[in-house]
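Hi,

Here's the structure I promised to pass on. Have a look at it first, then read my notes below.

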Amino acid sequence: MAARESAHSRWDVVSSGRAIEWRVASDSRLPHRDWMEMSGRKASLLFDYTVSSNRTLALARRVVWPCVRTQPNNTHASLGFDFPANGIPRLTADGEIVDEKVSRISFDGVWTSVGTTESGLVVERRVFPSSTAPAVFECWRVTNGGKRSVAVGVTRAEASWIRLGCTGRFVVSAAADRPETVALAPGRSAELALAFAVRRADERPRAFNAAEEEASRLARVLQLTDRVRLETDDPALDAAFRFAKIRAGESVYETAGGVMHSPGGGAYYAGTWCNDQVEYAGPWFAMTGDELLLEASMNAYRQYVPFMADDYAPIPSSVIAEGRDYWNGAGDRGDAAMWAYGASRFVLTAGRRDWADELRPGIRWTLEYCRRKLAADGVVASDTDELEGRLPSGKANLNTSSLCYDALRKAAIVERAFGDEKTAADYEARAVRLRDAIERHFGAELHGFKTYRYYEGCKVLRSWIGSPLCVGIFDRAQDTAGALLSPHLRTRNAGLLSAEGDPSGVTWDRSQLYAFRGIFAAGLGDRAWDDFVAYSRTRLLGEHVPYPVEAWPEGDMRHLSAESALYCRVVTEGLFGLEPTGFGTFRANARLPKGLKRMALRNVHAFGRVFDVEVDEKGVRIKECGKD
C-alpha cells in the first residue's frame, strides 16, 4: 500500500525534510488544482492554486480575519473576503499582465512558485500570512533572463472594498508596496509585494515591510518545528510530522478573550471546541513547551469553567465569538468527558502543578457530571458524540466512556500529588468499574472480530472503535486492530470509513488518527505500519497536501488545525508511548516498528523536562538535554 501511494505521489521531500516540492515541468498529470490554509495571529489564508495543462497558474485567495466580527456574531462571524483575481493589483511586464509557465512549486511554511514567460522573465511568487498583523502577503521576485530591458510594474496601486463589522466599517484592501514601474535590465532582479489587509475605515493605511514579514513567518515556523523533532529512516515520515506541527501550531489567534487556538477551515475562528482544542490539541501542545500554545490551551480550558455550575447542566460544545458566546446545538456530545480527559492530560504532560491546581475544580466537576450521567449498566450516556449526530451514536457511545476512563486515571494522579488520597482512590475505583462496564456494554463480535460495537444496537464496524486502545484498554486490542485494518473500513484514498458500508464513503481523519495511535500504543505497530506510512505520504505528497484533513465529503477535506495535532500524538503517544505518571515523571513505552531501524524524538519539552528519546534494536534511551 505504501509503495502504491508513493508511486502516485505528486510531491517530493527536499531541503533535508524542511520543504516539499512539486516539479511541475516534468509532470504530465495536468491540469491540477489544490488548496491549503496558512494562519497567523490576526489573519488566515485559504489559498487555492491551479496549474493548467499548459502550466499557466491561476490563484484564488480567501482571507479570514478572525477578530473582525460580523452580524450575527456567531460561530461563523469572522470577516472573510474572496479577493477577485481581476480586481487586485497584478504583475505586468511592458504593460501586459504576466502569465508565466510554472516549472516548480514548493512549500516550507511559505508557498513558492517559480515560472518563466515567453520573453525570458523568471517569476518567483511567495505567499504567506503575517505572523502578527492582519495581513497576508504575496511577494514577487522578477529576474530578467532575456536580452532587452523590460518595464516591470503592477496594473494598479491598490484595490479596496468596504465591509461592515459589529464595531463599524472596515476597509479590505490589496495594495502593492511598489506601484511605480521599474526598468529591469537583462540579468537584473526586482522585488515587489502585495499586502491583503484589513483596517477600520477611520484608520490610516498601514505600511508593511514584506521582507520583515516573511522573516517573521519563517522564524515562527522554525519555533514550531525545532521542538519535538522526529528522526527516522524515512524522510517523508519525518517531514509529515514536521509539517503537522506547523498546521497544529499556527492556528492561534489574538482575540478579546485572549489568544485562542481554533480549527480554521474558513468557518471556525476566535473560538474553542471541547473536542478540537480541549481534547485533541491541548495534550499535544503540552508536549512542545511553546509558550503561546500553552497559553492558548489554558485559555481553552478556562473558557468552560464558568459554565460548571451546581445544577450540573451540560457545558457547551464550544465557546465562540472571542469568548462572548457559546454553542450547544448538538446537545451533550460527551463534552464533560472531553474536558476532563484533555485537562488532566494537559496539566500532567506540561508538568505544571500551578495549572493543575487552577483546573482541578473543573476536573472534579466534569468527572462528577460524568458520574451523574452513568447509565444503568455503568457507561456514560450522552446525547451525541463529537460528530454531533451526523452518524448514529445511541444513548451512550464508546468514545465518551473511553475518555472518561482515562480522565479518571489521570485525575487520580493529580489528586494524589496534592495529597488527596481519598479522592484519588475513589477515581481509581470508578475507573475500574467503568472499564468493566465498557467491556460488558460495548464488547461485541463483528465479522468474526472480537472488538467493540460503537453503541448498543450498532451492527456495523465504526472507525472510533480504536478509542479504548488509546486509553490503555487492550483486552480486545488484537481483534480491534484487525477490524480497523480490514477491508470493511479501509478505503483506497488513505481514509478510514467512519461507518462500514457507508455508500457515500464518509471519512474523518480524526478517528483514523485515533485508530493509528491506539494500535501503536497497544504494541501492534507492525500491523499498521504500512497503512500509517501510506496515509502520511498521501497527506504530505499526494493530491491534496501537505496536512491531515478534517473530512470527506463534508468540508472538502479542509486542513483543520487540530487534526494535525492528532497526527503528532500518533507519534508521541503511539509510536513512542509517552505517558505522564506524575508531575515530572513519565514512561516511554516505545516499540520500534518493522519498517524502521531507528527512531528518535529530539528536544521534547514535557513533564517539566527537556529530553530526547532514542529507540533502536538495543532498546529505549532517554537523555535529558545537556546531560548524558
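What follows is a short tour of some helices in it.

Before anything else, keep in mind that this is a predicted model.

Let's start with helix α4, which covers residues 274-288. With 15 residues at 1.5 Å a residue, α4 should span 21 Å, and its end C-alpha atoms sit 20 Å apart, so the two values agree. There's a kink to look for, though: α4 bends by about 50° at Ala281, and a proline, Pro283, comes along within four residues. Is α4 mostly buried or exposed? Since 15 of its 15 residues are buried, α4 is largely enclosed by the rest of the structure. After the helix comes Gly289, with a positive phi near 70°.

Now scroll along to α12, residues 509-521. Its 13 residues should span 18 Å at 1.5 Å a residue, and the end C-alpha atoms are 18 Å apart, so that checks out. This helix is mostly covered as well, with 13 of 13 residues buried. Just past α12, Gly523 has a positive phi of about 80°.

Then comes the partner of α12: helix α13, residues 525-541. The axes of α12 and α13 come within 9 Å and cross at roughly 145°, and the crossing is left-handed. Which residues meet there? From α12, they include Leu513, Phe516 and Phe520; from α13, Trp529, Phe532 and Tyr535 are among them. Overall, the contact is made of eight nonpolar, two polar and three charged residues.

Have fun exploring!

Terms used
Residues numbered from 1 in each chain as written. Predicted model: local features only at pLDDT ≥ 70, side-chain atom pairs only at ≥ 80, totals over all residues. Heavy atoms only, no water. Axes fitted to C-alpha atoms, helices over the stretch in contact; angles between N-to-C directions. Helix = DSSP H or I, 4+ residues; strand = E, 2+ residues; numbered from the N terminus. Left-handed = near helix turned anticlockwise from the far one by under 90°. Contact = heavy atoms within 4.5 Å. Nonpolar A, V, L, I, M, F, W, Y, C, P; charged D, E, K, R; others polar. Expected span 1.5 Å × (residues − 1). Bend = angle between axes of the 7 residues up to and from the residue. Buried < 20%, exposed > 50% of the residue type's maximum accessible area, 1.4 Å probe, protein only.
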